[in-house]
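Let's take a look at how the inside of this protein is packed, and at what its rings are up to. Have the model open as you read.

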Amino acid sequence: MKKDESNLTDLTGKSNHIASLEFEKSKVHVIVEIVEYVPHAVVSRTIIKKLTGNITASSFAIGEEMAEKTSPFDTFIQVIDGEAEVVINKSKFMLKVGDGIVIPAHSPHCINANEKFKMISTVIKSGYEE
């Protein structure tokens, strides 16, 4: 598979790695190996990106976080390695391998890596109803 990875530095000086190409279709992928851990970074890799939604795999180094944000769409998060703290509307949820949670549209949320972890996030934009 051809890789097109960018190494970006955010405003805090932390490294964020983003792979911009979709995954090869009709090929088996080992889900937990989609992204690697990088010290002091969040690494994201696009699995599928369409106008109607996207699926992304991410790895978080210990101590990293996704700052609080909101999305106009429901987002499904599933932990595939380690454990994650997901905060939705100020309620904390601890997710371990195999756990998933739907973050409701328009809800403030953040994700914290109290230990390193990997997750898959899925956003479906078509057919959206409030």
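## A charge over a ring

A charge counts as sitting over a ring if NZ of Lys or CZ of Arg is within 6 Å of the ring centre and within 35 degrees of the ring normal. Keep in mind that this is a predicted model. Here, Lys118 fits the bill: it lies over the face of Tyr37, at 4.8 Å from the ring centre.

## The largest nonpolar core

In soluble globular proteins, nonpolar side chains tend to be buried together. The largest nonpolar core in this model has 15 residues, and those touching the most other members are Phe60, Ile77, Val86, Ile101, Ile111, Phe117 and Met119. Three elements give two or more residues to this core: β6 (75-88), β8 (100-103) and β10 (117-124). Of these, β6 supplies the largest share, with five residues.

Ile77 is a good one to click on. Leaving aside residues up to four places away in sequence, Ile77 touches Leu95, Asp99, Gly100, Ile101, Ile103, Ile111, Met119, Ile120 and Ser121. Apart from this core lies another one, of eight residues, including Phe23, Val43, Ala57 and Ile80.

## The aromatic pair

How many aromatic pairs does the structure hold? Just one. Phe60 and Phe117 are stacked, 4.6 Å centre to centre with 10° between the planes. Both Phe60 and Phe117 are buried.

Phe60 belongs to strand β4 (residues 53-60) and Phe117 to strand β10, so the pair ties together parts that are 57 residues apart in sequence.

Methods: Residues are numbered from 1 along each chain as its sequence is written. This is a predicted model: local features need pLDDT of at least 70, side-chain atom pairs count only at pLDDT 80 or more; totals for chains, interfaces and linings use all residues. Side-chain values use heavy atoms; hydrogens and water are left out. A nonpolar core is a set of buried Ala, Val, Leu, Ile, Met, Phe, Trp, Tyr and Cys residues joined through side-chain atoms within 4.5 Å. Buried means under 20% relative accessible area, exposed over 50%, partly exposed in between (1.4 Å probe, protein chains only). Helices (H or I, at least four residues) and strands (E, at least two) are DSSP runs, numbered from the N terminus. Contact means heavy atoms within 4.5 Å. Rings of Phe, Tyr and Trp (its six-membered ring) pair if their centres lie within 6.5 Å; planes under 30 degrees apart count as stacked, over 60 as edge-to-face and the rest as tilted.
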